[in-house]
Amino acid sequence: MKKLVVGNWKLHGSRAFNAELIQGLLAADLAATAPRADVAVCPPFVYLGEVVSALSGSAIGVGSQDVSAQAQGAFTGEVAAPMVRELGARYAIVGHSERRSYHGETDQVVADKAKAALAAGLIPIVCVGETLAERESGSTEAVVGRQLKAVIDLLGAQLVDIVVAYEPVWAIGTGKTASPEQAQAVHAFLRAQLVSAQAAAAGVPLLYGGSVKPDNAAQLFAQADINGGLIGGAALKAADFVAIARAA
Ligand code: PEP
């Protein structure tokens, strides 16, 4: 399966910072990587249009870090999936653990957002992952299984059009990476759940996220069910992000 490497810039950036980062990405010319890996970056909403323009004609796509579950209406502060699509984005991250924990997004809300993204022609990157306490109590599969099930139940046949990112919460921004074996085990579980819902969902890309760096990316991406990465901190340094994309 073709790999996918996505950078999540989170709440970072400015026009000057973005321009320098993009210059670094473009200078690396990821066209050579393109046959093996798709690459995308997810800036804050306000920069989406500018980043799409700056990257147009390159091998790097753009996504948003979230979308509203609503297409339009009296929802102050929300950004709808059709707006994101209209700006030229291709992907939308939904259900990032920071959205789930700081903004109270439930499994159902995340599923609704994935559906809204699909309806607008975006590819939702649905994040799932357990906390350290959940892992230590042996409930990793129960937690990620429940998070994924909400999406499976709502999407039906559209399940084949999503991307899933396994991001153990204890590995995000902490410098602690799941070992390739730990990550692979959860990915295999997620793959089995997708396939048992729909055979064609065997082709859903499964990304790993959580302190992926240039020095651990190749080992992670070599696992059978790891089809790429969702990259946070390392996506803010052009050289690191390029090295990770090349590792794919
Ligand atoms: C993320 O936020 O999606 C992430 C994986 O962050 P980091 O790579 O910094 O752990």
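How do the residues of the shell around the ligand divide into nonpolar, polar and charged? The shell comprises four nonpolar, eight polar and two charged residues, where Ala, Val, Leu, Ile, Met, Phe, Trp, Tyr, Cys and Pro count as nonpolar, Asp, Glu, Lys and Arg as charged, and the others, Gly among them, as polar. The model is predicted, so that local features need pLDDT of at least 70 and side-chain atom pairs count only at pLDDT 80 or more, while totals for chains, interfaces and linings use all residues. Residues are numbered from 1 along each chain as its sequence is written, and side-chain values use heavy atoms, with hydrogens and water left out.

Among the 14 residues around the ligand (those with a heavy atom within 4 Å of it), Lys10, Glu167, Gly173, Ser211 and Gly233 come nearest. Backbone N or O atoms lie 2.7 Å from a ligand oxygen atom at Ser211, 2.8 Å at Gly233 and 2.9 Å at Gly232. The ligand taken alone exposes 290 Å², of which the protein buries 98% (accessible areas by the Shrake-Rupley method with a 1.4 Å probe).

Helix α10 (residues 238–247) packs with helix α9 (residues 214–221) at an angle of about 20°, the axes being 8 Å apart. The two helices, α9 and α10, are therefore roughly parallel (an angle under 35 degrees), and α9 passes α10 in a right-handed crossing. Helix α1 (residues 15–28) packs with α10 at an angle of about 40°, with axes 9 Å apart. That angle makes α1 oblique to α10, outside the ranges under 35, over 145 and 65 to 115 degrees. The crossing of α1 and α10 is right-handed.

Notes
Polar contact = N/O pair within 3.5 Å; in protein donor to acceptor, adjacent residues only side chain to side chain. Axes fitted to C-alpha atoms, helices over the stretch in contact; angles between N-to-C directions. Helix = DSSP H or I, 4+ residues; strand = E, 2+ residues; numbered from the N terminus. Left-handed = near helix turned anticlockwise from the far one by under 90°.
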